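Me: I would like a close look at a single helix and the cysteines around there, set against the chain as a whole. Please take it slowly and give the cut-offs as you go.

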Amino acid sequence: MTVLEVIQRSTGFLARKGVESPRLQVELLLAHSLGVPRLKLYLDFERQLTGANLETVRELVRRRGNREPLQHIIGFTSFCGFEIKVNRHVLVPRPETEMLAERAWQHLAAVNPSPGAALDFGTGSGCLAIALAAQCPGAHVHAADISEEALRFARENAALNNLADKVQFHSGDGFAALPPGLSFDLIVSNPPYIPSTEIEALPPEVRDHDPRLALDGGADGLDFYRRLAAGAENHLRPAGRMMLESGDGQSEQIRQIFVQHNWVVETVEADYTGRPRILTLRPERM
Ligand SMILES: C[S@@+](CC[C@H](N)C(=O)[O-])C[C@H]1O[C@@H](n2cnc3c(N)ncnc32)[C@H](O)[C@@H]1O
């Protein structure tokens, strides 16, 4: 069977299984299994695949047809250009979060006096902490999570990006993970923000493969924000800021929660699709 025939047949298979962008998914899986860049497939449409090639790609396509995320099958994703290993213990980093990372490293790089200190709160794969440590080489970057499995991955990802000694990891529930006395110029977080009752209706790739801990934000999806509004101030230095991602349609409720806890919402920025997503906040004391 040729490359083109495999692409066409597998695309039909994934489309019938309800997978979005089925042709792209097949091309990425095939390129991964052959160890070539995706665009190289277009130069090799008539290449005959060996029996071993076919067996490998069939298994990958079968897994994708069962709605396993592409990133889990390949084992990696890219976040702000950094290679991030993922599996069922960590949320697959989303493109929306890259914008939060960019805003966060811009802020951290401008902290005066430098170097600044930052906390990635609920680090998961470590993607935000890794981006911060790479973009702000002198900064003191900390990352915390309640999930030991996620932290193991976050450490591996830091090492994979040659940043093992640039991020300090802390394990525990909320701010209890931190050693006493630590304070930050920046706290950045992409909290679990899906309302519990909406999880069942998510696509299988998310519902069955992202960790529940990374998704479930309680009854209205906002529990984690309430905890941050109540507890983060004590961990911020005098001119410190907090930058948070919000779920689609949640930013106004989040703004109200923080205002009730005496925070000032400085900006609410839209993502690339125009949805309000990134809140920058500071305690009212300043
Ligand atoms: C939405 S994920 C974000 C992961 C990563 N920062 C990203 O943007 O891809 C939220 C993370 O918060 C962690 N988490 C959930 N509850 C927590 C808690 N009580 N204390 C600390 N971390 C928690 C989860 O384990 C998960 O890794």
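Reply: Contact here means heavy atoms within 4.5 Å. On that basis, among contacts in the protein chain between residues at least 6 apart in sequence, 65% join residues at least 24 apart. The model is a predicted one, in which local features need pLDDT of at least 70 and side-chain atom pairs count only at pLDDT 80 or more, while totals for chains, interfaces and linings use all residues. Residues are numbered from 1 along each chain as its sequence is written, and side-chain values use heavy atoms, with hydrogens and water left out.

Twelve helices and nine strands make up the secondary structure of the protein chain, where helices (H or I, at least four residues) and strands (E, at least two) are DSSP runs numbered from the N terminus. Of the 286 residues, 51% count as buried, a word that stands for under 20% relative accessible area with a 1.4 Å probe, protein chains only.

Helix H7, residues 127–135, is mostly covered, since seven of its nine residues are buried; these are Cys127, Leu128, Ala129, Ile130, Ala131, Leu132 and Ala133. Cys127 has a relative accessible area of 9%, and Cys136 is likewise buried, at 6%.

As for bonding, a search of the whole structure finds zero disulfides, a disulfide being a pair of cysteine sulfur atoms within 2.5 Å. The closest cysteine sulfur to that of Cys127 belongs to Cys80 and lies 7.9 Å away, which is too far for a bond. For Cys136 the closest cysteine sulfur is also in Cys80, at 12 Å, again too far for a bond.

Key. Buried means under 20% relative accessible area, exposed over 50%, partly exposed in between (1.4 Å probe, protein chains only).
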